[in-house]
Amino acid sequence: MNICNKLIFSDLKEIQNEDDLSFIGGRPRVPNEIEIPTCKLCGSKQTFFFQVAFTEKQPWDGYTMAVFACTSCVHKDYFIPEMLKGRLKDIDIPNGFLDEYQKNFRILVFETSKGRVRKNYEEKIIFKKWVQERSKNPKVSCNKIGGTPNWYLGDESPSTYNKTTEMIFLMQLKQEFDFDILPYAPQQVDLGLTLKIEPMNKPYYRLFLKNYTYFLGTRDINNPKVYIITQI
Ligand SMILES: [Zn+2]
């Protein structure tokens, strides 16, 4: 069963606590033995964007997915996660692809109970807590976990990874989703009109060009892999 939970920002005072499990910004809550990812294109430490803890009646119950991306470099070929060639619907994702495509972003998946707030991480994005609110309508169009994806262009669900494990819909972020940053956070870099690398000069960071972003995961949680598709 794949229930649908809307991701709603909490109205409560926004100070990060150790027991907050789903949120954007602030400090990542990941196991101490996992290093903060570095960018394979430029070597910088990646920025923590958000994490969600999957809960009861969700396929990844007991696990958390944390999303990092580099905001220090920009490359025209890596604005969004690499796409497979050909017709994407029902495609089999080749073995290794879901590790290799993580160049300037990284998806960490771990047991929620092992997560710890990483106090030495320098915050860049403003912390906002997410509350998961059950929706009876699996097709509700919003930022959500589970239910059915609201495809913007058409269904691009893969069928399997390495022809063995089925791929399932985990969550989606709607387009134009901004991640507000702290005043002292370094500017995300962007490509200017002449393809010159320059600061974006915005009070937010963007993830994957703020496209509609879909996260799909392996049914087999023993070797969790995440496939990201963006649409615009
Ligand atoms: Zn980088």
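**Strand pairing and the nonpolar core**

Strands S17 and S18 run antiparallel and are joined by 6 bridges. This comes from a predicted model. Within this pairing, Thr 213 finds its bridge partner in S18, namely Thr 230. S17 has another antiparallel partner in S12, and 6 bridges hold that pair together as well. Here, Gln 172 is matched with Tyr 214 of S17. As for its surroundings, S17 is largely enclosed by the rest of the structure, because 6 of its 7 residues are buried.

Stepping back to the whole chain, there are 18 strands and just 1 helix. Of the 232 residues, 36% count as buried. The C-alpha trace spans about 45 × 40 × 35 Å along its principal axes. A compact globule of 232 residues would have a radius of gyration near 17 Å, and the chain comes in at 17 Å, so the two agree. Contacts also reach well along the sequence: looking at those between residues at least 6 apart, 75% join residues at least 24 apart.

Now for the inside. The largest nonpolar core is made up of 44 residues, and the ones with the most contacts inside it are Phe 49, Val 52, Met 65, Val 67 and Tyr 227. Several strands chip in with at least two residues each, among them S12 (165–173), S17 (212–218) and S18 (226–231), along with S4 (47–53) and S5 (63–69). S5 gives the largest share of this core, with 6 residues. Val 67 shows what such packing looks like up close: setting aside neighbours within four places in sequence, Val 67 is in contact with Phe 49, Phe 50, Gln 51 and Ile 107.

Key:
Residues numbered from 1 in each chain as written. Predicted model: local features only at pLDDT ≥ 70, side-chain atom pairs only at ≥ 80, totals over all residues. Core = buried A, V, L, I, M, F, W, Y, C linked by C-beta atoms within 7 Å. Buried ≥ 20, exposed ≤ 12 C-beta atoms within 10 Å, placed from the backbone. Helix = DSSP H or I, 4+ residues; strand = E, 2+ residues; numbered from the N terminus. Contact = placed C-beta atoms within 7 Å. Rg over C-alpha atoms; globule rule 2.2 N^0.38 Å. Pairing = 2+ DSSP bridges.
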